[in-house]
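User: I am in my first year and would like a close look at a single part of this protein, with the rest of the chain brought in where it helps. Please take me through it slowly.

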Amino acid sequence: MSLVNLAHCCSHLQNASMARLGLTSIPSTNLHHTLMLQLQRSGYVSSVTVGGPTPPPPSSLNPILDPADPECQSDADNESVITQANISSRRLWVGLKYWNNMPVLQKIGLVSKPTRRVWMGFREIEALARGNTSGYVKGLRGVGESMYVTTDRGLLEVRECVEKRTGGMILCRVNGV
């Protein structure tokens, strides 16, 4: 897991959101794909589509929540097969959302840095979910604010970590409208 690439991804999404872009692309990695699906489930982005260097057709930009469901897969994914020759050119096409002419994804940034990874247990994550500061990480205080944690059970939102009673590395914080 490269936190440098994730930092570039977060910065790109924030800049694209502030520039009022409807569709943007980021490099396709497992971490980016999982994070984008979590952001889609939380309502920050409208669609996530795996594609090539050119944008997918507008018909394939319908919201996809479960990439394993064959009914939800787009035609663009079924037409192109991932091989060693084209894997480096794969991109994630992310549809951004806006509400009242303001971006839903206001701010996104890393909590864990490449030089300082922040690991927290269940109790510290529970304190963050309640709005209390844990270590140097401030708790969730704003409406529409969320944090994402990578755990042994996958990438989860902080409130899901509290429900499942698990800890992990705090990846990023997202502020919405």
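Analyst: A good part to begin with is Asn 101, which sits in the loop between β4 and β5. Please keep in mind throughout that the model is predicted, so that every value below is computed from that model. The backbone of Asn 101 has a positive phi of about 65 degrees, although Asn 101 is not a glycine. With a relative accessible area of 63%, Asn 101 is exposed, because exposed means over 50%.

Asn 100 belongs to this loop as well, and the loop runs between β4, which covers residues 98-99, and β5, which covers residues 102-103. In Asn 100, too, phi has a positive value in a residue other than glycine, here near 50 degrees. The relative accessibility of Asn 100 is 60%, and therefore Asn 100 counts as exposed.

To place the loop in the wider chain, one may start from the overall make-up, which comes to 5 helices and 10 strands. The protein chain has 177 residues, and buried residues make up 42% of them. What the chain exposes is about 9,500 Å², of which carbon and sulfur atoms supply 52%. If one takes the contacts between residues at least 6 apart in sequence, 68% of them join residues at least 24 apart.

Three valines give a view of the buried part of the chain, beginning with Val 94, which is found in strand β3, residues 91-96. The relative accessibility of Val 94 is 0%, so Val 94 counts as buried. Leaving aside neighbours within four places in sequence, Val 94 is in contact with Leu 13, Gly 22, Leu 23, Thr 24, Ile 26, Met 36, Val 45 and Ser 47. Val 45, one of these partners, is 49 residues from Val 94 in sequence, while the two C-alpha atoms are 7.0 Å apart in space.

Two of the partners of Val 94, Leu 13 and Met 36, also take part in a helix pair, since Leu 13 in α1 and Met 36 in α2 belong to the residues through which these helices meet. On the side of α1 the meeting residues are Asn 5, Leu 6, Cys 9 and Leu 13, and on the side of α2 they are Leu 31, His 32, Leu 35, Met 36 and Leu 39. This contact divides into 7 nonpolar residues, 2 polar ones and no charged ones. Two packed helices are described by the angle between their axes and the distance between the axes. For α1 (residues 3-18) and α2 (residues 30-42) the angle is about 40 degrees, and the axes are 11 Å apart. The two helices are therefore oblique to each other, and α1 passes α2 in a right-handed crossing.

Leu 39 of α2 leads on to the second valine, Val 174, because Leu 39 is among the residues that Val 174 touches. Val 174 has its place in strand β10, residues 168-176, and at 0% relative accessibility Val 174 counts as buried. Not counting residues up to four places away in sequence, the other residues touched by Val 174 are Tyr 44, Leu 105, Lys 107, Ile 108, Gly 144, Glu 145, Ser 146 and Tyr 148. Although Val 174 and Cys 10 are 164 residues apart along the chain, their C-alpha atoms are separated by 9.4 Å.

The third valine, Val 149, lies in strand β8, residues 145-151, and is buried, with a relative accessible area of 0%. Beyond its neighbours within four places in sequence, the contacts of Val 149 include Ile 125, Leu 156, Val 158 and Cys 161, and also Gly 168, Met 169, Ile 170 and Leu 171. Between Val 149 and Arg 159, which are 10 residues apart in sequence, the C-alpha to C-alpha distance is 9.9 Å.

Returning to the loop, Asn 101 is exposed at 63% relative accessible area, whereas Val 94 is buried at 0%.

Technical notes. Residues are numbered from 1 along each chain as its sequence is written. This is a predicted model: local features need pLDDT of at least 70, side-chain atom pairs count only at pLDDT 80 or more; totals for chains, interfaces and linings use all residues. Side-chain values use heavy atoms; hydrogens and water are left out. Helices (H or I, at least four residues) and strands (E, at least two) are DSSP runs, numbered from the N terminus. Buried means under 20% relative accessible area, exposed over 50%, partly exposed in between (1.4 Å probe, protein chains only). Contact means heavy atoms within 4.5 Å. Accessible areas come from the Shrake-Rupley method with a 1.4 Å probe; for residues, only the protein chains shown count as cover. Axes are lines fitted to C-alpha atoms, for helices over the stretch in contact, and angles run from 0 to 180 degrees between N-to-C directions. Angles under 35 degrees count as roughly parallel, over 145 as roughly antiparallel, 65 to 115 as roughly perpendicular and the rest as oblique. A crossing is left-handed if the near helix is turned anticlockwise from the far one by less than a right angle, and right-handed if clockwise. Ala, Val, Leu, Ile, Met, Phe, Trp, Tyr, Cys and Pro count as nonpolar, Asp, Glu, Lys and Arg as charged, and the others, Gly among them, as polar.
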